[in-house]
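These are my notes from a first look through the structure shown below, kept in the order in which I looked things up.

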Amino acid sequence: MRSRHNTIAAIFDGVYVALVTNLLLVLGCLPLVTLVFTTEAARSWPLYALTAPLCAPGLCAVFAVMSAYSAGDSGGVLRTYGRAWRATARPAMLWAAAAMAALVVLAVDARAAWGHRVGALALPVLATLIVLTVATTLLGLVTIADRPAARLRDVARACVYLAVRRWYLTAVSLLVLVLLAQILAARPAIALGLAAAPLLYVVWANSRFTVRAALDPPTTAPQST
């Protein structure tokens, strides 16, 4: 009977954390969510590029909530989110701004090469760099959520390496993000109200495992003399 009670309590805790996390995600990414519902992406992509860095601390804070929940702390969701948002605001926005600048440059180059002979060589390279940039950005946000004081140069070096080294995990995270984007485009209310937290939890867990070597380096026992 006690085991059944614990199972029911764990289910309610998980549902509570998921619903509150979805709400906090919408609030933290409100500028971008507003653009999604009020503008046309094809014509207003510069606004998306300028707005995306403002949402990075909210996403890092959501990852921090997921980390706390994974560690067994499901009670202080609002406190965890607020503390993580304040700790990651500056590095997360700088990280996302650099990533968006790189993506804009790569996208403009791809658009310029489209339809030209040089595009046959340049487009595959540019597409690969875009995917790598997105993957590195995602791993970086997970890392910043866990280590807000880490130097961004070190974060970039580790995340680029791990995104390529563990490409199969990177592919899974990107596929889940694509799924979330498709749900958002087709059913925004379902995506933001129900699907976002579970899918982002999969992305966080997968990305956290990817960068585990950088976040939790193995300790070597002291040699005995």
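**Order of elements.** I began by following the elements from the N terminus, and they run α-α-α-α-α-α-α-α-α. I was working with a predicted model, and in it I counted nine helices and zero strands. I then looked up burial for the protein as a whole, and of its 225 residues 39% count as buried.

**Record.** I checked UniProt next, where an unreviewed entry places the feature "transmembrane region" at residues 7-33, 45-71, 92-114, 120-145, 166-184 and 190-207. I took two of these spans and looked at each in the model. Residues 7-33 are 96% helix and 0% strand, and the C-alpha atoms at the two ends of that span lie 35 Å apart. For residues 166-184 I noted 95% helix and 0% strand, with 27 Å between the end C-alpha atoms.

**Helices α3 and α4.** I asked myself at what angle α3 and α4 pack. Helix α3, which covers residues 45-70, and helix α4, which covers residues 77-113, meet at an angle of about 145°, and their axes are 6 Å apart. The crossing of α3 and α4 is right-handed. When I sorted the residues in the contact of α3 with α4 by class, I found 24 nonpolar residues, three polar ones and no charged ones.

**Leu59.** I stayed with α3 for one of its residues, since Leu59 lies in that helix. Is Leu59 buried or exposed? Its relative accessible area is 19%, and because buried means under 20%, Leu59 counts as buried. I also looked up its distance to Leu141, which is 82 residues away along the chain, and the C-alpha atoms of Leu59 and Leu141 are separated by 7.6 Å.

**Helix α6.** I moved on to helix α6, residues 152-165, which has 14 residues and reaches 20 Å from its first C-alpha to its last, close to the 20 Å expected at 1.5 Å a residue. Which residues of α6 are buried? I listed Val155, Cys159, Leu162 and Ala163 as buried in α6. These four lie on the same side of α6, because they cover an arc of only 100° around the axis. I reminded myself that an α-helix has 3.6 residues a turn, so residues three or four places apart point the same way. On the other side of α6 I found Arg153, Arg157 and Arg165, which are exposed.

**Helix α8.** My last stop was helix α8, residues 188-210, where I looked at Ala195 and at Gly193, which also has its place in α8. Ala195 counts as buried, at 14% relative accessibility, whereas Gly193 counts as partly exposed, at 28%. From Ala195 I went to Leu179, which is 16 residues away in sequence, and the distance in space is 9.9 Å, C-alpha to C-alpha. From Gly193 I went to Val26, which is 167 residues away in sequence, and here the distance from C-alpha to C-alpha is 8.9 Å.

Technical notes
Residues are numbered from 1 along each chain as its sequence is written. This is a predicted model: local features need pLDDT of at least 70, side-chain atom pairs count only at pLDDT 80 or more; totals for chains, interfaces and linings use all residues. Side-chain values use heavy atoms; hydrogens and water are left out. Axes are lines fitted to C-alpha atoms, for helices over the stretch in contact, and angles run from 0 to 180 degrees between N-to-C directions. A crossing is left-handed if the near helix is turned anticlockwise from the far one by less than a right angle, and right-handed if clockwise. Ala, Val, Leu, Ile, Met, Phe, Trp, Tyr, Cys and Pro count as nonpolar, Asp, Glu, Lys and Arg as charged, and the others, Gly among them, as polar. UniProt positions are given in the numbering used here, feature names are shortened, and annotations may be inferred rather than shown by experiment. The expected span of a helix is 1.5 Å times one less than its number of residues. Buried means under 20% relative accessible area, exposed over 50%, partly exposed in between (1.4 Å probe, protein chains only). The arc is that of the directions from the helix axis to the C-beta atoms.
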